[in-house]
Amino acid sequence: MSVREAAREAYREGLPALAASVFGGLLAGVVLGGMRGDFARVDGLLVLVPALLATRGNVYGSLGARVATGLHQGLVEPRVGADRRLGGAVAAALLNGLLASAFAATATFLVLSGLGRAVAPVWTLVAIALLAGLLSGVVLAASVVLVVFAGYRRGYNPDTLVGPIVTTAGDVFGVAFLLLAVRTVLLVGGG
């Protein structure tokens, strides 16, 4: 394969995913911009948002890489079913996402408290982070697996798809479910 052919193939596979990433990021930004009132109601939430979004990308990007590697090595079939390896990878990603979310919320509380800044109670931040992490984690895990399998079956390199798909889906679903989690926790907690 010549350099020109390799470049053409890379652009053919990568550009649609990158274009979706740009539009998804803009959509997430619009939702985030609409959360100004929610940020005012939960002190420290704005500090927590980047950590939560980065967590989604790291955890579910790793899941996508594991699935892609399993496909390349023939350890995973490109279909959703009762595959023990795939189920274990998804369960581990969900657990890691929840643990990282709780850690980020606790760290946000400790850092802001240590700096003498206004911050919501730790239970509020942890509840928001866990609920948003659970909801977005389920959707992200399903999205990553389905998109990687569909791309692989159509002849795309799953490694090319994982980064942009996880970034886009993580931002869009992460922000949407963060908004839902904030409003749910405040409603239940009487905030």
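This report describes the fold of one protein chain and the surroundings of selected residues in a predicted model.

**Overall architecture**

The protein chain has a secondary structure of 6 helices and 0 strands. Read from the N terminus, the order of elements is α-α-α-α-α-α. The C-alpha trace spans about 60 × 35 × 30 Å along its principal axes. Of the 191 residues in the protein chain, 40% are buried. The exposed area of the protein chain is about 10000 Å², and 67% of it is supplied by carbon and sulfur atoms. Among contacts in the protein chain with a separation of 6 or more, 82% are between residues 24 or more positions apart.

**Accessibility of selected residues**

The table gives the relative accessible area and the resulting class for six residues that are taken up again below.

| Residue | Relative accessible area | Class |
|---|---|---|
| Tyr11 | 55% | exposed |
| Phe39 | 15% | buried |
| Thr55 | 11% | buried |
| Asn58 | 59% | exposed |
| Phe173 | 29% | partly exposed |
| Phe177 | 18% | buried |

**Helix H1 and its surface patch**

Helix H1 covers residues 3-33 and contains Tyr11. Tyr11 counts as exposed because its relative accessibility is 55%, and the cut-off for that class is over 50%. Together with Leu15 and Leu18, Tyr11 forms a nonpolar patch on the surface. The three residues of this patch, Tyr11, Leu15 and Leu18, have about 330 Å² of accessible area together.

**Helix H2 and Phe39**

Phe39 is located in helix H2, which runs over residues 36-41. With a relative accessible area of 15%, Phe39 falls under the 20% limit and is therefore buried. Once neighbours within four places in sequence are left aside, Phe39 is in contact with Leu32, Leu45, Leu46 and Val49. A further pair joins distant parts of the sequence: Phe39 and Leu179 are 140 residues apart along the chain, while their C-alpha atoms are 9.8 Å apart in space.

**Helix H3: Thr55 and Asn58**

Helix H3 comprises residues 45-73, and Thr55 is part of it. Asn58 is also placed in helix H3. Which of these two is buried and which is exposed? Thr55 is buried, at a relative accessible area of 11%, whereas Asn58 is exposed, at 59%.

The side chain of Thr55 reaches the backbone oxygen of Ala51, at a distance of 2.7 Å. Apart from neighbours within four places in sequence, Thr55 is in contact with Gly97, Ala100 and Ser101. For Asn58, a C-alpha separation of 30 Å is found to Gly189, which lies 131 residues away along the chain.

**Helix H6 and the aromatic pair**

How many aromatic pairs does the structure hold? The count is 1 aromatic pair. This pair consists of Phe173 and Phe177, with 6.3 Å from centre to centre and 25° between the planes. The pair is classed as stacked because planes under 30 degrees apart meet that criterion.

Both Phe173 and Phe177 lie in helix H6, residues 158-189, and they are 4 residues apart, about one turn of the helix. The two members of the pair fall into separate accessibility classes: Phe173 is partly exposed, with a relative accessible area of 29%, and Phe177 counts as buried at 18%.

Notes
Residues are numbered from 1 along each chain as its sequence is written. This is a predicted model: local features need pLDDT of at least 70, side-chain atom pairs count only at pLDDT 80 or more; totals for chains, interfaces and linings use all residues. Side-chain values use heavy atoms; hydrogens and water are left out. Patches are made of residues with over 30% relative accessible area and no salt bridge: like charges are joined within 9 Å, nonpolar side chains (Val, Leu, Ile, Met, Phe, Trp, Tyr) within 5 Å. Accessible areas come from the Shrake-Rupley method with a 1.4 Å probe; for residues, only the protein chains shown count as cover. A salt bridge is a side-chain nitrogen of Lys or Arg within 4 Å of a carboxyl oxygen of Asp or Glu. Helices (H or I, at least four residues) and strands (E, at least two) are DSSP runs, numbered from the N terminus. Buried means under 20% relative accessible area, exposed over 50%, partly exposed in between (1.4 Å probe, protein chains only). A polar contact is a pair of N or O atoms within 3.5 Å; within protein, one must be able to donate a hydrogen and the other to accept it, and residues adjacent in sequence count only if both atoms are side-chain atoms. Contact means heavy atoms within 4.5 Å. Rings of Phe, Tyr and Trp (its six-membered ring) pair if their centres lie within 6.5 Å; planes under 30 degrees apart count as stacked, over 60 as edge-to-face and the rest as tilted.
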